[in-house]
Amino acid sequence: TTNRLNNRRSRYNASSVPRFLLVITLLTDFGTRDIYVGVMKGAIAQINPALQVVDLTHEIPPQDLFAARFNLMSAFPYFPLGTIHVAVVDPGVGGARRAIALQLQTAFLVGPDNGIFSGILEQHPAIAAVELTNPSYWRTSSPSSTFHGRDIFAPVGAHLASGVPLSALGRAIAPDSLVSLPLYPCEPTAAGTMGTVQYIDQFGNLITNIPASLVSDSCQGDKVTHSWCIQLATTTIPAATTYAAVPQGAPLALIGSHGWVEIAINGGNAQQKLGLCVGDRLKLHLSPLK
């Protein structure tokens, strides 16, 4: 193990580090109370201490793949070309699920094959995929059955960022064989769109999978052609442009900073008040203005 580590250090010594350094992002459900995140960063630094590591979040609710999917998808556009995104929310660690690395047109993804990347892949398909079967690029050839983040995913991300080609990391797999999370798609209806709650943030805002474009399309230049609202079973949520546009404690639908239609309560918690959960269905209703 010592010789192997020394070989890695000599392979990626300071003189060989490119002037343009790639970024590695980390997203986990590990929290920050324990050492798990720091140890992953240590595994990266052992391979190439010059790499820049960015923490997206480590506060994903334990084993919540839908929350991980949404947060990773939402962060993806804000990083430079070639970024390696390492995501570890892994309820199947040590089991039959595959460990994978994916090459996209503009980035790489490293983590478990459990649907965590499906939000990104819906918008940015993989152009190549491998199962991580080559232990030469793991921290150890005998990884822990409970901590692949440290022993497989973080080291693989560091090697990718240091110039190791994707094909060296393991056997090629078909991108269309990757696991996808079972989230109802956004579907057009006669009077608007049927959508799904895809994420609930810490404020209790209900973020749907209805894109902002479906609402902005109701405007032609500066002229508003349609009004819109969100229809729940027996409740209508009016549209507004800001939280403060409705009275304190009142519900509203608006375009959130992520670029999706969301339901909120001004000064309150929409999830608690309305009782909706991830996966629940709702309707966006468009009405032509007379």
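This report describes a helix, a group of paired strands and the cysteines of the structure above, which is a predicted model.

**Helix α2**

Helix α2 covers residues 36-47, 12 residues in total. From its first C-alpha to its last it reaches 17 Å, close to the 16 Å expected at 1.5 Å a residue. Buried positions in α2 are Val37, Met40, Ala43, Ile44 and Ile47. Viewed down the axis of α2, the buried residues fall within an arc of 120 degrees, so they line one face of the helix.

**Strand β5 and its partners**

Strand β5 spans residues 107-112, and 6 of its 6 residues are buried, so the strand is largely enclosed by the rest of the structure. Strand β5 pairs with β3 and with β4, as the table sets out.

| Partner of β5 | Residues | Sense | Bridges |
|---|---|---|---|
| β3 | 83-88 | parallel | 4 bridges |
| β4 | 99-103 | antiparallel | 5 bridges |

Individual residues can be placed within these pairings. Val86 stands opposite Val110 of β5, while Leu102 has Leu109 in β5 as its bridge partner. The connection from β4 to β5 is a hairpin through 3 residues.

**Cysteines**

A disulfide is a covalent bond between the sulfur atoms of two cysteines. With a cut-off of 2.5 Å between cysteine sulfur atoms, the model has 0 disulfides. Cys186 is partly exposed, at a relative accessible area of 28%. Cys277 is also partly exposed, with 40% relative accessibility. Both values lie between the 20% limit for buried and the 50% limit for exposed residues.

How values were computed:
Residues are numbered from 1 along each chain as its sequence is written. This is a predicted model: local features need pLDDT of at least 70, side-chain atom pairs count only at pLDDT 80 or more; totals for chains, interfaces and linings use all residues. Side-chain values use heavy atoms; hydrogens and water are left out. Helices (H or I, at least four residues) and strands (E, at least two) are DSSP runs, numbered from the N terminus. The expected span of a helix is 1.5 Å times one less than its number of residues. Buried means under 20% relative accessible area, exposed over 50%, partly exposed in between (1.4 Å probe, protein chains only). The arc is that of the directions from the helix axis to the C-beta atoms. Two strands pair if DSSP finds at least two bridges between them.
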